[in-house]
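Student: I have a protein model open and I do not know how to read it. Can we go through it feature by feature?

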Amino acid sequence: MNVPFMDLGVQYRSLKSEIDQAIEQTIRTNGFVGGPAVTEFEEAFAAFCEIENCAAVGNGTDAITLSLRALGIGPGDEVITVPNTFIATSEAIVLVGAKPVFIDVDPDTLLMDPKKLEIAINKRTKAIVPVHLFGQACDMDAILAIAQSYDLKVVEDTAQAHGARWKGRRVGTFGDLGCFSFYPGKNLGAFGDAGAVVGRDENLVGAIRRLANHGRDTKYEHDIIGTNSRMDGMQARILSAKLPRLDSWNAARRQVAKRYLENLIGVDDVLPTKINSKCDPVWHLFTCRLNRRDELREHLSLQGISTGIHYPLPLHLQPAHQDLGLGEGAFPVAENAARELISLPMFPEMPLEAVDFVCDKIREFAAS
Ligand SMILES: *Cc1c(COP(=O)(O)O)cnc(C)c1O
C-alpha cells in the first residue's frame with residue numbers, strides 16, 4: 001500500500017467546482033491583488049478565530065515580521081522563542097533587527113516550556129513568540145501570566161494550529177497578535193503563499209494591513225515605509241471556499257490521530273508526543289519519538305509509507321544563526337527531539353485502513 005505524507009489532490013477534487021469558480025471569478029473581475037475578496041476573507045477568518053480583526057498578508061513569515069514591526073520591536077530588542085520550529089519564526093525576529101533568544105521546550109509536549117521563560121528575560125526583552133507546533137496549543141495561561149508581569153508583548157505563531165483551542169478558546173487570540181500561514185500544506189492551505197494576522201486591537205491590526213500595503217491608506221499617500229505583502233485575490237477566494245470545511249477537516253484529523261494513538265499503545269519504544277489535557281489540538285502533524293528513528297523511516301519508506309522530520313536541525317544549530325554563538329548542548333530537549341522525532345502520514349482524508357497499515361509496519365519494526 002502506498003501511503004503519502006499528505007494528499008492535497010483529494011481535497012481539491014472534493015471542492016473542484018468551488019475552487020475552479022474562485023479562480024475563474026478572479027480572472028473575470030481582474031481581482032488579482034487585494035480588493036473585496038480579500039476583505040471578505042479577512043472577515044470570515046476573524047469570525048472563525050472568534051476574534052474581532054484580521055489582516056490578510058502575503059505569507060506566514062510576513063505575518064510574524066509585520067506583527068513585530070507593528071508592536072514597535074526592532075534593533076536592540078530581544079524576543080524569546082523556541083529552537084524547534086520552522087526557521088520563519090526566528091527569521092522574522094532577525095528581519096525586524098531584534099535578537100532571537102531561544103529557550104528549551106517541555107520534554108512531554110515539545111512546546112515552549114514556561115518554566116524556562118523567566119531566566120531568559122532581561123531589560124532588553126520585549127516579546128515572547130510561542131509556537132503552537134504540530135497543531136497543539138502552548139500553555140497560554142503560564143505564558144500570559146509571565147508576559148503580563150514583565151510587560152512583554154505576545155505574538156503567537158499559529159502557522160500549524162488553525163482552529164486549535166486552549167481551554168476552549170482558539171489559539172492565536174490569546175496574545176497581542178496571532179499569526180497564520182496558509183502555505184498549501186497547512187491545515188488551511190492556499191494555492192500558493194498567503195498569511196494572516198488576527199487581533200483584538202483594531203488599530204494594531206490596521207497598522208499591519210497598512211505595513212503590508214506600502215504604508216498607505218490611500219493610493220499614493222504613504223505614511224510610513226511598509227512593504228509589499230498583500231494577499232492575492234485568488235488566494236482569498238480559494239481560502240474563503242475552503243474555510244467552511246476547516247472544522248470538519250480538523251475533526252477528521254482528530255479521528256486519524258485517535259486511530260494512531262489506539263494502535264500505538266504498548267508498541268515498545270515508540271512514544272507518541274504527549275498532549276496537554278487543556279488543549280484541543282488540530283493535528284497538523286502526528287509525531288512520535290523513538291531511538292531508532294532513521295531505521296524506522298527507512299523501514300516505512302520501503303513499504304511505500306512517506307514520513308517527515310520536524311525538524312532535523314534545531315534553529316540554534318543552523319548555519320544562519322551561528323552569530324548567536326549557541327552550540328550543541330544548549331537546548332538538550334530540542335536537540336533530542338531532532339534526533340528522535342518522526343512525523344507519520346496525516347491528512348483529513350487519510351483512510352483509517354491506511355493508519356492501521358502504517359501502525360502494523362511500525363509494530364513489525366518494533367518487534368524486529
Ligand atoms: C509554515 C510556518 C511558518 C511560515 O509560514 P510561511 O507562510 O511559509 O511563510 C512559520 N512558522 C511555522 C511554525 C510554520 O510551520
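Student: Which pocket does the ligand take up?

Tutor: This is a predicted model, so treat each value as computed from it. The space taken by the ligand is the largest pocket.

Student: Which residues come nearest to the ligand?

Tutor: Look for protein atoms within 4 Å of the molecule. Here 14 residues surround the ligand. Gly60, Thr61, Asp157, Ser181 and Lys186 come nearest.

Student: What kinds of residue make up that shell?

Tutor: Sort them by side-chain class. Five are nonpolar, seven are polar and two are charged.

Student: Which helices supply at least two residues of the shell?

Tutor: Two names to find are α4 (60-70) and α5 (88-95). Each of them gives the shell at least two residues.

Student: How do I pick out polar contacts with the ligand?

Tutor: Look for pairs of N or O atoms within 3.5 Å. Take the side chain of threonine 61: one of its N or O atoms is 2.5 Å from a ligand oxygen. For serine 181, a polar side-chain atom lies 2.6 Å from an oxygen of the ligand. In lysine 186, a side-chain N or O atom is 2.7 Å from a ligand oxygen.

Student: How much of the ligand does the protein cover?

Tutor: Compare the ligand alone with the ligand in place. On its own, the ligand has 390 Å² of accessible area. The protein covers 93% of that.

Student: Now the whole fold. How many helices and strands are there?

Tutor: The protein has 12 helices and 15 strands. Its radius of gyration is 21 Å, close to the 21 Å that the globule rule gives for 368 residues, so the protein is as compact as a globular protein of that length. Its C-alpha trace spans about 70 × 55 × 35 Å along the principal axes.

Student: Where is the cis peptide bond?

Tutor: Check omega along the backbone. The bond joining histidine 310 and tyrosine 311 is cis, with omega about 10°. Tyrosine 311 sits in the loop between α10 (293-302) and α11 (332-340).

Student: What is notable about phi at asparagine 30?

Tutor: Asparagine 30 has a positive phi, about 55°, although it is not a glycine. Find asparagine 30 in the loop between α2 (16-29) and α3 (36-49).

Definitions and conventions
Residues are numbered from 1 along each chain as its sequence is written. This is a predicted model: local features need pLDDT of at least 70, side-chain atom pairs count only at pLDDT 80 or more; totals for chains, interfaces and linings use all residues. Side-chain values use heavy atoms; hydrogens and water are left out. A polar contact is a pair of N or O atoms within 3.5 Å; within protein, one must be able to donate a hydrogen and the other to accept it, and residues adjacent in sequence count only if both atoms are side-chain atoms. Accessible areas come from the Shrake-Rupley method with a 1.4 Å probe; for residues, only the protein chains shown count as cover. On a 1 Å grid over the protein atoms alone, a cavity is a set of points where a 1.4 Å probe fits but cannot get out, and a pocket is an open set with protein on both sides within 12 Å along at least five of seven lines; lining residues have an atom within 4 Å of a point. A molecule sits in a cavity or pocket if more than half of its atoms lie within 2 Å of its grid points. Helices (H or I, at least four residues) and strands (E, at least two) are DSSP runs, numbered from the N terminus. Ala, Val, Leu, Ile, Met, Phe, Trp, Tyr, Cys and Pro count as nonpolar, Asp, Glu, Lys and Arg as charged, and the others, Gly among them, as polar. The radius of gyration is taken over C-alpha atoms; the globule rule is 2.2 Å times the number of residues to the power 0.38.
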